[in-house]
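Here are my notes for your review. They cover charged pairs and nonpolar packing.

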Amino acid sequence: MEKKKNMENTKKIRIFLENKEIEKCIQMARKRNSQSRAMGLKHKYGLEEKDGLAMDVIGCKGEFAVIKYLGIKQEITINTFKNIPDVGEYEVRSVTKPGYRLIIREKDDKEKIYILVEVGFNYCDIVGYTKGEEALKYHKENQAGREPAWFIPQKDLRPVTELKSENLA
């Protein structure tokens, strides 16, 4: 019996991270985490300190993968708190489980572009992107312990190859 092709996986771009790149992500995540603690900030999700560091590593890996794929000359940012975008002009949302949806929250800038990245140990799959304003056509959903947000299914994301074309122009 032939397996059906999963259409959600057709747009993903896999970026492998070298050991030195993973180490750089861990280093930047430690800086983010320690600076946030020094400022007296707690993790948004109410996580313990060790879990907050893990979330920072996941975020840094996702951002690094987008930097690498798009060829943007930029370092991973530390504690910019939405004052400047994560990568170039883009916001990056990193998840650890395949199939997770892209989340856009009420406070997120609807003029920005949001890229979804699935993060593994030594690779990241750049899933796709959407413009913040496009999230508004979806029904807002509640999330345990957080404010309601829009959850965009992976099948509805645009291919990230479109963004690479824009960066080369």
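**Salt bridges and cores**

1. Start with Arg101 and Glu141. These two form a salt bridge, with 2.9 Å between the closest N and O atoms. Arg101 sits in the loop between β2 (90–95) and β3 (102–105). Glu141 belongs to strand β6 (residues 140–143). The pair therefore ties together parts that are 40 residues apart in sequence. Keep in mind that this is a predicted model.

2. How accessible are the two partners? Arg101 is partly exposed, at a relative accessible area of 33%. Glu141 is partly exposed too, at 27%. Both values lie above the 20% limit under which a residue is called buried.

3. The structure holds 12 salt bridges. One of them joins Glu118 to Lys12, where the closest N and O atoms are 3.0 Å apart. Glu118 lies in strand β4 (residues 113–119), and Lys12 in the segment before β1 (13–16). The sequence separation is 106 residues, so this pair also ties together parts of the chain. Glu118 and Lys12 are both buried.

4. Asp125 and Arg14 make another salt bridge, at 2.7 Å from N to O. Asp125 is in strand β5 (residues 123–131) and Arg14 in strand β1. The pair links distant parts of the chain, 111 residues apart. Burial is uneven here. Asp125 is buried, with a relative accessible area of 9%, whereas Arg14 is partly exposed, with 44%.

5. Now the nonpolar packing. The largest nonpolar core has 30 residues. Val66, Ile115, Val117, Ile126 and Leu163 have the most contacts inside it. At least two residues each come from β1, α1 (19–38), α2 (49–70), β2, β4 and β5. Helix α2 gives the most, with 9 residues.

6. Which residues does Val117 touch, leaving aside those up to four places away in sequence? The contacts are Gly62, Val66, Val92, Arg93, Ser94, Val95, Cys124, Asp125 and Ile126. Two of these names, Val66 and Ile126, also appear among the core residues with the most contacts. Asp125 is on the list as well, and this residue is the salt-bridge partner of Arg14.

7. A second core is separate from the one above and has 11 residues. Among its members are Ala135, Tyr138, Trp150 and Leu157.

Key. Residues numbered from 1 in each chain as written. Predicted model: local features only at pLDDT ≥ 70, side-chain atom pairs only at ≥ 80, totals over all residues. Heavy atoms only, no water. Salt bridge = Lys/Arg side-chain N within 4 Å of Asp/Glu carboxyl O. Helix = DSSP H or I, 4+ residues; strand = E, 2+ residues; numbered from the N terminus. Buried < 20%, exposed > 50% of the residue type's maximum accessible area, 1.4 Å probe, protein only. Core = buried A, V, L, I, M, F, W, Y, C linked by side-chain atoms within 4.5 Å. Contact = heavy atoms within 4.5 Å.
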